[in-house]
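Visitor: I am new to this structure and would like a close look at a single part. Please take the open sheet and what lies around it.

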Amino acid sequence: MAHVKTALVIGGGIAGPVTALALRKAGIDASVYEAHDVAAEGVGAMLSVAPNGLDALRIIGADKAVEAAGQAVPGVVMADGSGNQLSEFRGFPGLSATVTLDRADLLGTLTGYALAAGVRIQYGKRLVAADQTSERVTATFSDGTTATADVLIGADGIRSMVRTLVAPDAPGPEYGGVLSFGGYSRSDVPAEPGTMYFAFGRTFVGYWRLPDNRICWFASLPRTEPLSSVEVARIPATAWLTQLRELYAGHVPGETLLAQTDPGDLMATGPMERMPSLPRWQRGRMVLVGDAAHAPSSSSGQGASLAIESAVELARCLRDLPNSTAAFTAYERLRRPRVETIGGNAAATNKAKAGQAGDRPAMPTPEQMFAPVHRHHIEWDETVLAEHDLPNT
Ligand SMILES: Cc1cc2nc3c(=O)[nH]c(=O)nc-3n(C[C@H](O)[C@H](O)[C@H](O)COP(=O)(O)OP(=O)(O)OC[C@H]3O[C@@H](n4cnc5c(N)ncnc54)[C@H](O)[C@@H]3O)c2cc1C
C-alpha cells in the first residue's frame with residue numbers, strides 16, 4: 001500500500017500519461033499538467049517504441065493499443081555505404097517487434113488510454129515555480145493557478161523546468177554535432193516491409209518501407225555550430241535537401257533516397273541532443289522522469305522506450321517504499337546505470353556521424369547491439385527494496 005497518495009505530473013508528452021497510469025496502478029492518484037493548450041497534434045516526426053518499451057507498456061495495459069497505432073518492424077539489416085549487406089537480424093524470440101509510428105500517434109494513443117482510465121489531464125498549465133514543505137509540494141502555473149500533492153514529477157522533456165528546480169547546477173542538453181532530418185521517398189530502393197535498414201559508410205542513413213509503399217528515411221548533417229529547431233525550420237526545405245544530396249552523393253542508397261524525396265516530404269527535426277549525466281534526479285518531494293532526466297538522443301531509438309520504463313519503475317518504487325525520499329533513491333539506483341549506458345553509446349554514435357570519432361571501432365552485430373537494450377523486463381510484482389535492505393549494504 002503506497003504511503004504517497006497523490007502526485008502532480010508536469011508534462012503531458014510521452015512520459016506524462018504513462019507515469020500517471022502507472023501511479024494509478026500503484027494506488028496513487030495522479031493528475032497531469034501540460035503547458036500547451038491542446039495535446040500537440042501532428043507535431044514531431046516518426047519515432048520507435050522498442051521491445052523494452054512495449055514490455056513496460058504491457059504492465060499498464062497499453063502495449064496492444066500502441067502496437068495497433070504503429071507499424072511492426074522486427075528485422076534489422078546493416079550494410080555499408082556501397083550496397084553490401086554486413087549483417088541481418090530478425091528480432092529476439094519471445095520479444096515484441098519494434099513499432100514505428102508518428103510521435104503524434106503515440107501521444108494520442110497514450111493520452112486517450114490515460115483519459116479512458118480516469119487520469120485527469122489539464123492543458124494550458126505551464127509550470128513556473130514549485131514550493132515544498134516536509135509534507136507537501138505546490139506547483140504554480142503561468143495562469144496563476146496552483147495545485148498541491150504529496151509529490152511532483154517532472155515529465156517535462158529535455159528543456160525541463162522541473163530540472164532547474166531539482167538540479168539548478170545541472171548542465172543543459174548536449175549538442176551531438178549533427179542536425180537531424182527525415183523524409184518520405186518514392187524510390188524503388190529495395191526494402192522488405194518489416195525491416196529497418198542501417199547503411200553506414202562515410203555517412204549514415206536509416207530507412208524502412210511504409211505500408212503505403214513509400215520509404216521513410218532518417219539522416220543527419222554534421223554542423224559544428226548548433227541551430228535550434230526554430231532556426232532550422234526558417235531555412236527552406238529545398239536548401240536543406242541540396243546540402244543533404246551533396247553529402248550523400250555516391251552513398252548507396254542515400255543518394256537515391258534523397259534524389260526521390262520532394263522538398264514537401266522533408267522533415268527537419270532539429271539538433272541531435274542528449275542530456276549529460278545529471279548531478280541529481282530528485283530534491284525533496286520532486287523527481288524527474290523521461291527526457292527531463294535522461295534524454296538519450298534520437299540516434300539511440302530509445303527516447304520514448306526509456307521514458308516509459310522509467311515512468312513504470314518510478315511508480316513501483318513509490319508503491320513499495322515508505323516515503324518519497326526512499327522511493328526516489330531506489331528509483332535512481334534502478335534507472336541511472338541503464339539510461340546512462342544507453343545515452344553514452346548514442347553519444348559515441350553521434351560523434352561518428354559528425355566525423356569526430358577518430359578510428360571507427362569494430363561494428364557490433366545487431367544481436368550484440370540490441371540484446372542488453374531490448375531484453376529488459378520490469379518485475380512489477382516484485383517488491384522494491386530500500387537502500388538499507390539491499391544485500392551487502
Ligand atoms: C514537440 C515534440 C516533438 C518531438 N518529436 C520527436 C521525433 O520526431 N522523434 C523522436 O525520436 N523524438 C521526438 N520528440 C522527443 C520524444 O517525444 C521524447 O524523446 C520521448 O518520447 C520522451 O518523452 P518525454 O515525455 O520525456 O518528453 P516529451 O515528449 O518532450 O514531453 C514533454 C512534455 O512536457 C511539456 N512541458 C514542457 N515544459 C513544461 C512546463 N513548464 N509545464 C508543463 N508542461 C511542460 C511539453 O509541452 C511536452 O508535452 C519530440 C518531443 C516533442 C516535445
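Guide: What follows starts with the sheet, turns to a helix lying across it, and ends with two other places in the chain. The model is a predicted one.

The open sheet has six strands, in the order 8-2-1-12-19-18, and its pairing is mixed. Strand 8 (120-122) and strand 18 (282-283) stand at the edges; each has a single partner strand, so one side of each is left without a neighbour in the sheet. In general, the strands of a sheet pair through backbone hydrogen bonds, either parallel or antiparallel.

At one edge, strand 8 is joined to strand 2 (residues 29-33) by three bridges, and the two run parallel. In this pair, V32 stands opposite I121 of strand 8.

At the other edge, strand 18 holds R283. R283 has 17 other C-beta atoms within 10 Å, a count that makes R283 partly exposed, because a residue is called buried from 20 upwards and exposed at 12 or fewer. Apart from neighbours within four places in sequence, R283 is in contact with L165 and V166. N345 is 62 residues from R283 along the chain, and the C-alpha atoms of the two are separated by 28 Å.

Now the helix on the sheet. Helix 1 (residues 15-25) lies across strand 1 (6-10), strand 2 and strand 12 (151-154), and runs at about 170 degrees to strand 2. Helix 1 also packs with helix 4 (residues 103-116), at an angle of about 30 degrees and with the axes 9 Å apart. That angle makes the two helices roughly parallel. Their crossing is left-handed. On the side of helix 1, the residues that meet helix 4 are P17, V18, A20 and L21; their counterparts in helix 4 are L110, T111, Y113 and A114. As a general point, an α-helix has 3.6 residues a turn, so residues three or four places apart point the same way.

Two other places complete the look. Helix 10 (residues 303-320) has 18 residues, which at 1.5 Å a residue should span 26 Å; the end C-alpha atoms are 26 Å apart, in agreement. Of those 18 residues, 17 are buried, so helix 10 is largely enclosed by the rest of the structure.

The other place is I59, in helix 2 (residues 51-59). I59 is buried, with 24 other C-beta atoms within 10 Å. Not counting residues up to four places away in sequence, I59 touches V312, I378 and W380. I59 and I378 are 319 residues apart along the chain, yet their C-alpha atoms are separated by 8.5 Å.

Conventions: Residues numbered from 1 in each chain as written. Predicted model: local features only at pLDDT ≥ 70, side-chain atom pairs only at ≥ 80, totals over all residues. Helix = DSSP H or I, 4+ residues; strand = E, 2+ residues; numbered from the N terminus. Expected span 1.5 Å × (residues − 1). Pairing = 2+ DSSP bridges. Contact = placed C-beta atoms within 7 Å. Axes fitted to C-alpha atoms, helices over the stretch in contact; angles between N-to-C directions. Parallel < 35°, antiparallel > 145°, perpendicular 65-115°, else oblique. Left-handed = near helix turned anticlockwise from the far one by under 90°.
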